[in-house]
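Biologist: Please take me through one part of this model in close-up, the second largest pocket, and tell me what surrounds it. I'd also like to hear about a spot just along the chain from one of its walls.

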Amino acid sequence: MLRIRHDVNGGPEVLFAEDVAVPAPGAGELLVAVEAVGVTLPVVRKVREGGEAIPLGGEVAGTVAALGEGVTGFAVGDRVTGLCFGHGYAEYALLAAPFASAVPDGVGSVDAVALVRSGLVARGAVAAGQLRPGESVLVTAAASGVGSLALQLARAAGAGRLVAAVSSADKAGFVRSLGADEVVLYEDPAAWGEPYDVVLDGVGGELLGPAVRALATGGRLVAYGSGGGTVEAYELLVRGASVIGFQIRAVAQGRPEVYEAWRRELWKAYADGSLRPAVHGEIPLAEAGRAHRLIEERRNFGKVVLIP
């Protein structure tokens, strides 16, 4: 089977394809014939900046090809999606059963892979921010796979003023179509407007400081990206504000009942048309470097998906 990997850290050029044997599922695992792979910013960053080269994981969707010992609730032939923490950029991938979700009839693999992990992160970020109806919300990385869903979920949760922060003005129409009332650019934090009750930050790094300073008195910033950054305690003290870290893997492992409830909510919202995943495009698996470049250069409008 075809698999994409890297041996050294660097840009998209370090990714290469190899032909390897199809893996066998271990205890508690599903072997999935992959139909779509979601590319995430954390994986892109790990390729460029990480230490030791690691398998390229991420969201996958496809059909169950084999079951490992002890797996219940799934059968060969079922369509599933979920988080792969091993080699996900491949024609076959292994999914731990707790991280797998059945794909409802009528849902394509591309939409499934764009909805579940990104939707779970967005849903969790909104919950962590304790958003109350009528509050103002700023969403960074608003044109990303997670950000595009966070905009919709924040609006559904009752956000009053909803503002999208993006890297370039050409994304304004896209994020407005997803519910944003206003659009601001990263390069000009002074123009972000009145302070916000909630900031959902998927960027971090150099943007984290301005995002904290954009908080209103008693505001909450939810940091769910992989960009890191440093928060000055004084900035929180003078605002009576807080910063909350969120990672979906921690919820899946520590609160599986919440994880499952959020999954059901997402599928329901998709079915009734109130939540729609935005997909930038479908790129052949063998051209994974092109997908990484799109994300590194911040040119994607929604989720970037690889197709084996």
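Modeller: Happy to; here is the pocket, followed by a serine in a loop. Please keep in mind that this is a predicted model, where local features need pLDDT of at least 70, side-chain atom pairs count only at pLDDT 80 or more, and totals for chains, interfaces and linings use all residues. Residues are numbered from 1 along each chain as its sequence is written, and side-chain values use heavy atoms, leaving out hydrogens and water.

The second largest pocket (on a 1 Å grid over the protein atoms alone, an open set of points where a 1.4 Å probe fits, with protein on both sides within 12 Å along at least five of seven lines) holds about 160 Å³ of space, a volume being what probe spheres set on the points fill. Its lining, meaning residues with an atom within 4 Å of a point, consists of Arg123, Val126, Leu153, Ala156, Ala157, Glu265, Leu266, Lys268, Ala269, Asp272 and Leu275. Two or more of these residues come from each of α2 (109–128), α3 (145–156) and α8 (256–271), with helices being DSSP runs of H or I, at least four residues, and strands runs of E, at least two, numbered from the N terminus. The biggest share belongs to α8, with four residues. By type, the lining has seven nonpolar residues, four charged ones and no polar ones; Ala, Val, Leu, Ile, Met, Phe, Trp, Tyr, Cys and Pro count as nonpolar, Asp, Glu, Lys and Arg as charged, and the others as polar.

Now for the serine: Ser136 sits in the loop between α2 and β8 (137–139). Ser136 is buried at 9% relative accessible area, buried being under 20% with a 1.4 Å probe and protein chains only. Leaving aside residues up to four places away in sequence, Ser136 touches Arg161, Pro195, Tyr196, Asp197 and Val198, where contact means heavy atoms within 4.5 Å.

Note on methods: Buried means under 20% relative accessible area, exposed over 50%, partly exposed in between (1.4 Å probe, protein chains only).
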